[in-house]
Amino acid sequence: MASAEASSIAPTPLLKDELDIVIPTIRNLDFLEMWRPFFQPYHLIIVQDGDPSKVIKVPEGFDYELYNRNDINRILGPKASCISFKDSACRCFGYMVSKKKYIYTIDDDCFVAKDPSGKSINALEQHIKNLLCPSTPHFFNTLYDPYREGADFVRGYPFSLREGAKTAVSHGLWLNIPDYDAPTQLVKPRERNTRYVDMVLTIPKGTLFPMCGMNLAFDRELIGPAMYFGLMGDGQPIGRYDDMWAGWCVKVICDHLGLGVKTGLPYIWHSKASNPFVNLKKEYKGIFWQEEIIPFFQSAVLPKECTSVQQCYLELSKQVKEKLSKVDPYFDKLADAMVTWIDAWDELNAEAASAKLSNGKA
């Protein structure tokens, strides 16, 4: 009888008390109903963009905190200038105020995908698995992720490297609407991604990638301060490069600190394509600028004295100011915002750490 009762108890979700789900939004969060079986046990941080007087409705039964622009201004004071407005880049405020070790962030137009057998994919669970096992940034394993069930290191893989590196980032993908830039959207308006590839790869050391923030998880303690989504949206000359900017910074710092970044599973179902003409206006300058930004990151070298994420990030901000300001004055402003972001992160998280300490003593 006891064993029958035990088997009917649902297993505790992975990292239930160690992970926050961060969602940027301007609308009611009806999409959470579909995610309820997977998200309900976790704490949500909702970052409301746009008009702070608008009331965002969240389905009942979710444990959440919601921040709008007024809250961001109140909490950060003058440092709130580093948080973008009228752009999903505002999500990084959620990373800053989280008290958890891990973050999963998802867009509100991303639904539960199905695998080829028709089973609903628990994207969060797969991200957690990716983060909890090592990466292989220093030597490529041709049989994909060697730590997954049914896989291993192939012949010729050095035994000295088989312990791998800690995984800092798990970058998930999308079925249905692919994450294309505006020119590609315009050329291929009807293209849909229908291919489910059962694969997780470590992105090799020294290789950059275009990080998409709509289905992304990371270890906040390992890389959190580098997950700044830049200055985008209202009052800025560029948009839709927020997650990519963060991804380039993160990858350079992960490579320097010996951390790993994975991409591949899990998939979500990306439900709606954004307007390619609106996107083109946002991306226009970035399409030109990236031809200089990417070589900058490819050649960026961090001194060995930089041993923390904060030190690495501040060093990168100096190099951005020195080398990218000639591309456009915007990068001068962005470099200053990167410093403000680190100041705000350290200030907020020092308060959280001291509160934790005093609670511990009590």
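These entries record what I looked up about a pocket and the cysteines in this predicted model.

I worked with residues numbered from 1 along each chain as its sequence is written, and with side-chain values that use heavy atoms and leave out hydrogens and water. Because the model is predicted, local features need pLDDT of at least 70 and side-chain atom pairs count only at pLDDT 80 or more, whereas totals for chains, interfaces and linings use all residues.

**Pocket.** I looked up the second largest pocket (on a 1 Å grid over the protein atoms alone, an open set of points where a 1.4 Å probe fits, with protein on both sides within 12 Å along at least five of seven lines), and I noted about 500 Å³ of space in it. Its lining (residues with an atom within 4 Å of a point) holds 18 residues, and Glu125, Gln126, Lys129, Arg148 and Leu265 lie nearest the centre. Helix H5 (123-132) and strand S9 (260-270) are the elements that give two or more residues to this lining, with H5 contributing the largest share, four residues. By class, I recorded seven nonpolar, four polar and seven charged residues in the lining.

**Cysteines.** I searched the whole structure for disulfides (a pair of cysteine sulfur atoms within 2.5 Å) and found zero. Cysteine 92 is in none, and the nearest cysteine sulfur, that of cysteine 82, is 6.9 Å away. Cysteine 92 has 0% relative accessibility and so counts as buried (under 20% relative accessible area, 1.4 Å probe, protein chains only). What is the closest cysteine sulfur to that of cysteine 254? I found it in cysteine 312, at 9.6 Å, which is too far for a bond. Cysteine 254 also counts as buried, at 0% relative accessibility.

Methods: Grid points are joined across faces, edges and corners, and a volume is the space filled by probe spheres set on the points. Ala, Val, Leu, Ile, Met, Phe, Trp, Tyr, Cys and Pro count as nonpolar, Asp, Glu, Lys and Arg as charged, and the others, Gly among them, as polar. Buried means under 20% relative accessible area, exposed over 50%, partly exposed in between (1.4 Å probe, protein chains only).
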